[in-house]
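Good morning, and thank you for joining this group meeting. Please bring the sequence and the structure up on your screens before we begin.

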Amino acid sequence: MSNQSLCRVCGGTVREFFDFGRQPLSDAFLPPGADLGEEFFYRLATGLCESCTMVQLMEEVPRERMFHQEYPYHSSGSAHMRGHFEELAKRLLTTELAGDDPFVVEVGCNDGVMIKALAEAGVRHLGVEPSGGVADLAAAKGIRVRKSFFEESTAKEIRAADGPADVVYAANTLCHIPYIGSVLSGVAALLAPTGVFVFEDPYLSDIVEQTSFDQIYDEHFFFFTVRSVQAMAAGHGLELVDVERLPVHGGEVRYTLAHAGARRPSPAVAELLAEEDARRLGELDTLRRFGENVLRIRDDLTALLRRLRAEGKRVVAYGATAKSATVTNLCGIGPDLVEFVCDTTPAKQGRLTPGTHIPVVPPEEFSRSYPDYALLFAWNHAAEIMAKEQAFTDSGGQWILYVPSVRTV
Ligand code: SAH
Ligand code: TYD
Ligand code: ZN
């Protein structure tokens with residue numbers, strides 16, 4: 001165990017600021033009859049690079065353990081997210097993809113939630129997706145999918161076969177890739193001279209501001225900021241030319257990179273950078289304070305759940321998110337405190353949550369007999385879920401939230 005590692009972006013020294021301890025793989029839901037002694041664990045800890053300020057995990061989980069045929073996350077599970085991606089697709093069609101015979105590549109297209117609209121519009125496209133099950137779902141929608149990890153060699157093969165890309169896009173995927181240097185070299189080789197690399201991921205500033213510590217788990221290796229993305233881009237002849245804050249997944253930023261010098265950066269880049277500096281986001285003290293807030297939430301949440309159990313209340317959870325693995329395993333929340341977790345994803349139902357072994361059931365179990373409290377693990381989809389489950393609140397039920405602090409509503 002070491003509280004220092006080498007930065008995956010610049011090779012500088014990464015100093016650890018928080019240790020979540022032993023954690024299971026966040027999306028490894030256990031099938032019935034699984035040998036509970038065989039679960040894979042690793043040490044989840046976060047650090048700050050003292051050179052380029054990139055926040056990153058201290059230890060890497062081998063990619064094949066996370067992204068494979070059975071990867072259970074389906075991007076199309078949220079109506080709100082479907083709308084979000086359709087809006088972006090529409091915008092790209094009238095801007096970056098409006099030229100003659102444009103070509104777009106999506107890295108981590110999952111079940112096709114974004115690229116589907118571009119495929120339907122007749123745009124030349126390719127989705128790159130290593131998780132076989134979700135890649136098959138995309139292919140069944142008529143999307144051209146390559147089942148592989150995107151890295152430098154993949155990018156060069158695509159360029160040789162299909163020519164340069166006008167847009168390379170990645171949502172909630174770039175932050176999943178520790179070998180990011182290879183990806184950026186690949187993007188630089190694949191992009192047309194006037195092309196753009198657009199990617200969106202959870203924003204470190206929002207995570208620190210709201211103490212949304214459950215954004216930290218095996219799959220989320222990097223936590224980007226304007227400053228760290230600028231440093232990362234510069235190492236590959238790329239430049240950050242635009243940023244846009246997004247109100248999804250608890251707060252994200254959409255970054256646009258272009259070949260260095262090809263486009264004039266928008267004022268939004270310098271504005272957000274100034275905000276980050278004012279918040280001292282690149283400083284260890286700020287991140288250590290974040291760590292103290294995490295421990296406060298952990299203590300408040302476990303105290304609340306223990307009190308409710310002592311009072312004989314029925315408590316269940318809603319949304320078997322990857323994020324919730326960090327919450328349940330950090331707080332020690334198992335089936336003794338939470339009866340079940342309901343979730344719409346067929347591939348998660350009938351299984352147990354990783355590490356803490358809470359049964360995952362379909363949402364019908366939730367409405368069959370409403371509990372007193374529902375712990376909202378999918379808090380990033382609160383508006384959509386609370387609207388859909390209005391009858392729960394009408395029955396007198398209360399939601400338990402823990403970001404930015406523990407409370408019931
Ligand atoms: N873009 C979707 C999916 C995000 S989940 C959305 O925003 O909802 C992250 C996806 O990235 C998974 O489907 C995973 O299989 C894929 N992935 C992980 N590493 C990858 C890599 N190196 N290249 C391409 N896709 C990758
Ligand atoms: P999400 O928060 O998008 O991501 P992650 O797993 O990366 O933390 O996951 C949302 C989960 O909640 C997903 O398993 C689907 C489930 N869900 C429902 O059960 N009902 C709903 O109405 C919505 C929107 C999601
Ligand atoms: Zn660095």
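I shall go through the ligand sites one after another and then turn to individual residues. Please bear in mind throughout that this is a predicted model.

Let me begin with ligand 1. Which residues come closest to ligand 1? The shell holds 21 residues in total, and S75, E129, S131, N172 and Y179 are the closest of them. By character, the shell divides into 12 nonpolar, 7 polar and 2 charged residues.

The polar contacts to ligand 1 involve both its oxygen and its nitrogen atoms. On the oxygen side, S131 places a polar side-chain atom 2.7 Å from an oxygen atom of ligand 1, and T173 places a polar side-chain atom 3.3 Å from an oxygen atom of the ligand. On the nitrogen side, an N or O atom in the side chain of Y179 lies 2.8 Å from a nitrogen atom of ligand 1. How much of ligand 1 does the protein bury? Taken alone, ligand 1 exposes 570 Å², and 98% of that is buried by the protein.

One residue of this shell deserves a further remark. N172, among the closest residues to ligand 1, sits in the loop between β8 (165-171) and α6 (180-190). Is N172 buried or exposed? Its relative accessible area is 18%, under the 20% limit, so N172 counts as buried. The C-alpha atoms of N172 and A260 are 24 Å apart, with their positions 88 residues apart along the chain.

I turn now to ligand 2. Here 20 residues form the surroundings, and A322, K323, D343, K348 and K388 come nearest. The shell comprises 6 nonpolar, 9 polar and 5 charged residues. Helix α13 (residues 382-388) supplies the largest share of this shell, namely 3 residues.

Three contacts may be named, each to an oxygen atom of ligand 2. A polar side-chain atom of K323 is found 2.6 Å from such an oxygen. For K348, the distance from an N or O atom of the side chain to an oxygen of the ligand is 2.8 Å, and for Y217 the corresponding distance is 3.1 Å. Taken alone, ligand 2 exposes 560 Å², of which the protein buries 95%.

The third site is the zinc ion, ligand 3. Which atoms coordinate the zinc ion? The donors are the SG atoms of C7, C10, C49 and C52, at 2.3 Å. Why is the arrangement tetrahedral? The 4 donor atoms subtend angles of 100 to 114° around the zinc ion, and the arrangement is therefore tetrahedral. Along the chain, the donors follow the spacing C-x2-C-x38-C-x2-C. Distant parts of the chain are linked in this way: C10 lies in the loop between β1 (4-6) and β2 (13-24), whereas C49 lies in strand β3 (residues 41-49), 39 residues apart.

These two cysteines may also be described by their accessibility. C10 is partly exposed, because its relative accessible area is 40%. C49, by contrast, has a relative accessibility of 1% and so counts as buried.

Finally, consider E50. E50 is located in the loop between β3 and β4 (55-57). With a relative accessible area of 48%, E50 is partly exposed. The C-alpha atoms of E50 and T13 are separated by 5.9 Å, although the two residues are 37 residues apart along the chain.

Notes: Residues numbered from 1 in each chain as written. Chains lettered and ligands numbered in written order. Predicted model: local features only at pLDDT ≥ 70, side-chain atom pairs only at ≥ 80, totals over all residues. Heavy atoms only, no water. Near = heavy atom within 4 Å. Polar contact = N/O pair within 3.5 Å; in protein donor to acceptor, adjacent residues only side chain to side chain. Areas by Shrake-Rupley, 256 points an atom, 1.4 Å probe, with all protein chains shown as cover. Nonpolar A, V, L, I, M, F, W, Y, C, P; charged D, E, K, R; others polar. Helix = DSSP H or I, 4+ residues; strand = E, 2+ residues; numbered from the N terminus. Donors = N, O, S within 2.8 Å, 3.2 Å for Na, K, Ca; no water. Tetrahedral: all angles 85-135°; square planar, octahedral: opposite > 155°, others 65-115°. Buried < 20%, exposed > 50% of the residue type's maximum accessible area, 1.4 Å probe, protein only.
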